[in-house]
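This report introduces a structure to a reader who has not met it before. Please consult the sequence and the model shown here alongside the text.

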Amino acid sequence: MDHDQCAGSGLERGDGDQLTMERVFYFSGYRMTVFDWDDTRLIGSQDFRPDEAGFVDFEYLLEHSAEMPARLLIDMIEEDFRREEIPHVNPFDRRALISRLIDRHYRDEVYSHARVIGRGDIGRRDDTVLLSALTNTALISPWLERLEAHEVRLSGIWSLPLLSDRLLKPIIRGGPADHVLMVSRQVRSALRNSYFNNGRLMLSRQAKFDKGMWDRNDFEGVIENLERGTVEIYNFLLNQRLLESSDHLNVYCIMHDEQLEDARELSHDRENIHYRFVSLEELIKHFGMQNCDGEGADTLFAFLCTRTNSLRDHYAAPEQKRSYYKYLTNRIVSQVTEFGTLACLTSAVLLALNSLELNQREQFLEHGRTQLIQQFTHRYGPSGEILVDSPFIRAAVEQVDTIAADADISPHGFFVPLGRVLGKPEFQFVALDGLEWEKYDPAALAQLIRVYERDLMGDSASASGQRQDFDAEISEPPPGGRRAIMRLSGEIAEVGSSYRTATGQMQRLVTALESLDEVERVFLLETTIDMRENARFSDRVGRVDEGALEEKSNRFELMIVLEQLNA
C-alpha cells in the first residue's frame with residue numbers, strides 16, 4: 001500500500017485532536033479495517049491484511065496519522081456465548097457469583113464479559129446471565145501489540161453482537177419483536193446471526209458460507225444458504241427451549257437496496273419462520289451518517305460503536321486503556337470548556353469513572369455495617385464482656401464502620417475547584433498527563449509531610465543551625481480519620497521560557513491551589529527549577545537564570561494535601 005494513501009483520511013499527525021474525532025478499529029477475525037469519524041461524518045477507511053506488508057502499513061498509519069481517541073470493535077467467529085441462571089441477590093454477591101461462572105467456563109480466556117439480561121417469571125425468579133468470551137486471542141494479539149506500542153488512545157474493546165441491540169428498533173419498525181433473528185453481512189464469507197428474545201440478546205454466531213456466491217452474483221444461492229442456516233438456528237432454539245413450537249421466528253436481514261427486490265422474490269416463508277429484508281442505506285440515513293455511500297454493514301456497526309459510552313466497553317483490561325485515561329485527564333483537568341469551567345466535562349467523564357461505584361459501595365457498606373451492629377448487639381450484648389471472641393467481633397464491626405466512612409473520601413468533589421484554577425489563562429502553560437489519588441492515616445500523612453518539608457528546606461536549615469529531626473516518630477497521631485492527597489504531574493508547555501519566568505509561574509500556581517478552601521498544603525515535588533529558598537532561580541547544577549528551559553527538561557509533579565472532610 002502506498003504510504004501516502006495509508007495516512008489516508010487526510011488527518012496527519014498534529015492536525016486533529018478535536019473532541020468530535022474518533023477512530024474505530026474493526027477486526028473481522030482476519031483483516032483489520034480502520035474507520036475515522038468526525039462525529040457522524042466518515043472521514044475515511046482503510047483495510048489491512050495480517051501479513052508483513054499489512055502490518056508495515058498499519059504501523060505507518062499509527063505513526064503518521066493524527067492522534068485521536070480510538071475503539072476496537074470485534075466481530076470474530078471465535079466469540080463464545082452462553083447463558084446461566086444465578087440466584088437473585090444483591091450486586092456484591094452477584095458479582096462474586098458471576099466471577100465464579102467466568103472462572104468455570106472461561107478460566108483460560110483473557111477476554112470475557114458478563115451481563116444480566118433478565119429475571120425468571122416463576123419459582124424463585126433467578127437472574128439470567130449472558131456470558132461471552134474471545135476464545136482465540138492469537139488472531140487479535142499482533143494488532144493489539146502494535147496499538148500498545150504506539151500508545152493508541154484505546155478507550156475499550158467492544159463486541160459487535162453485544163452492540164446489535166441498538167439496531168432492533170430501526171429494523172423492526174412496528175413488526176414482530178418477540179423472537180427476532182438479525183442477519184447482517186460484515187465479512188465477505190460469513191453472515192452474523194444474532195437472536196433476541198423480547199429485545200434481549202440471547203446468542204450470536206457467525207456462519208460461514210461460500211463467498212464466491214456473492215462474487216458470481218449467485219443471489220439464489222445466497223438466499224438458499226440463508227434459509228438453510230436459519231432452519232438450523234430455529235431447530236437449535238427449539239432444543240434449547242428458547243422457542244416453543246407455536247412461536248414464530250422473525251428473521252430481519254440487512255441488505256443493500258439493489259439486493260432487496262431479488263431477496264424478497266427468492267425467499268420463502270415457512271410456517272414458523274418469516275423473512276423481512278431491511279435496507280442498509282435506510283439504516284445509515286436513520287442514524288444521520290454522512291459520506292457513507294456504498295459502505296457496508298461493517299461501517300454501520302463501527303458508527304454505532306462510537307455512539308456507546310466510552311467508559312463501558314466489553315473486553316478491555318484497565319492497563320489497555322491507560323493511554324486513553326491519560327488523555328482524558330489531560331483534556332478534562334487542564335482545558336477550559338466553552339462554558340468557562342470544567343464542571344460539565346468533569347460530571348460527564350470523571351464522575352462516571354468513580355462516583356457511581358463509590359456511591360454504590362457506600363450504600364452497601366452502610367447496609368452491612370447496620371446488620372453487623374444489630375447482630376452483635378442481639379447476640380453478644382448481654383455477655384460481651386465475658387465472651388472471648390467478643391473483642392474480635394466488635395473490631396470487625398468497627399472496621400466495617402471505618403471502611404464506610406472512608407468511602408466518603410473520593411476525588412471527584414475536588415475536580416471542579418481544581419478546574420477553576422487550571423482553567424485560568426495565566427496557567428495555560430500547564431499540560432497535565434497524570435493524576436493519582438491516595439489516602440493515608442493521619443500519622444502517616446504527617447510523617448510524609450515532614451519528609452517533604454525537610455527536603456524542601458534542604459541545606460539552608462542545617463546551615464543556620466535550625467535543622468529539626470523531621471524523621472522523629474509522632475508520639476500522638478493527629479485526630480480525625482483518613483486523609484487524602486492528590487498528585488498531579490505534567491509538563492511546563494512553554495519550552496523556551498526563562499528560569500525566572502517559569503519559577504514565577506509555578507509559584508503562582510502553587511499559591512493559587514493553596515488558596516482553595518479544599519486544600520491544606522501544596523508541595524512541588526519535582527521541577528526543573530530548584531524552588532528552595534537558598535537556590536533562588538538556579539537549576540540543579542547551580543546555573544543562574546541563563547538561557548531558556550530546554551526541551552524534555554520541563555517536567556513537574558505536585559502533591560496536594562486536602563483538608564480533612566467535615567473539619
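The following paragraphs describe a sheet, the helices that lie across it, and the nonpolar cores.

The model is predicted. Within it, five strands form an open sheet in the order β3-β2-β1-β4-β8, and their pairing is mixed. Because β3 (41-48) and β8 (154-159) stand at the edges with a single partner strand each, one side of each is left without a neighbour in the sheet. On average, neighbouring strands of this sheet are turned by 20 degrees against each other, direction ignored.

At the β3 edge, the pairing with β2 (residues 32-38) is antiparallel and runs over seven bridges. F35 has S45 in β3 as its bridge partner. In general, the strands of a sheet pair through backbone hydrogen bonds, either parallel or antiparallel.

Two helices that lie across strands of the sheet are listed below.

| Helix | Residues | Strands crossed | Angle |
|---|---|---|---|
| α2 | 52-64 | β1, β2 and β3 | about 150 degrees to β3 |
| α11 | 297-306 | β1, β2, β3, β4 and β8 | about 55 degrees to β2 |

Attention now turns to the nonpolar cores. The largest comprises 65 residues, and W37, L73, L167, I171, Y195 and F277 have the most contacts inside it. Helix α8 (residues 219-239) supplies the largest share of this core, with eight residues. Apart from this core lies another, of 26 residues, including F414, F427, L488 and L558.

Which residues are in contact with I171, leaving aside its neighbours within four places in sequence? They are M182, Y252, I254, V278 and L283.

Definitions and conventions: Residues are numbered from 1 along each chain as its sequence is written. This is a predicted model: local features need pLDDT of at least 70, side-chain atom pairs count only at pLDDT 80 or more; totals for chains, interfaces and linings use all residues. Side-chain values use heavy atoms; hydrogens and water are left out. Two strands pair if DSSP finds at least two bridges between them. Helices (H or I, at least four residues) and strands (E, at least two) are DSSP runs, numbered from the N terminus. Axes are lines fitted to C-alpha atoms, for helices over the stretch in contact, and angles run from 0 to 180 degrees between N-to-C directions. Contact means heavy atoms within 4.5 Å. A nonpolar core is a set of buried Ala, Val, Leu, Ile, Met, Phe, Trp, Tyr and Cys residues joined through side-chain atoms within 4.5 Å. Buried means under 20% relative accessible area, exposed over 50%, partly exposed in between (1.4 Å probe, protein chains only).
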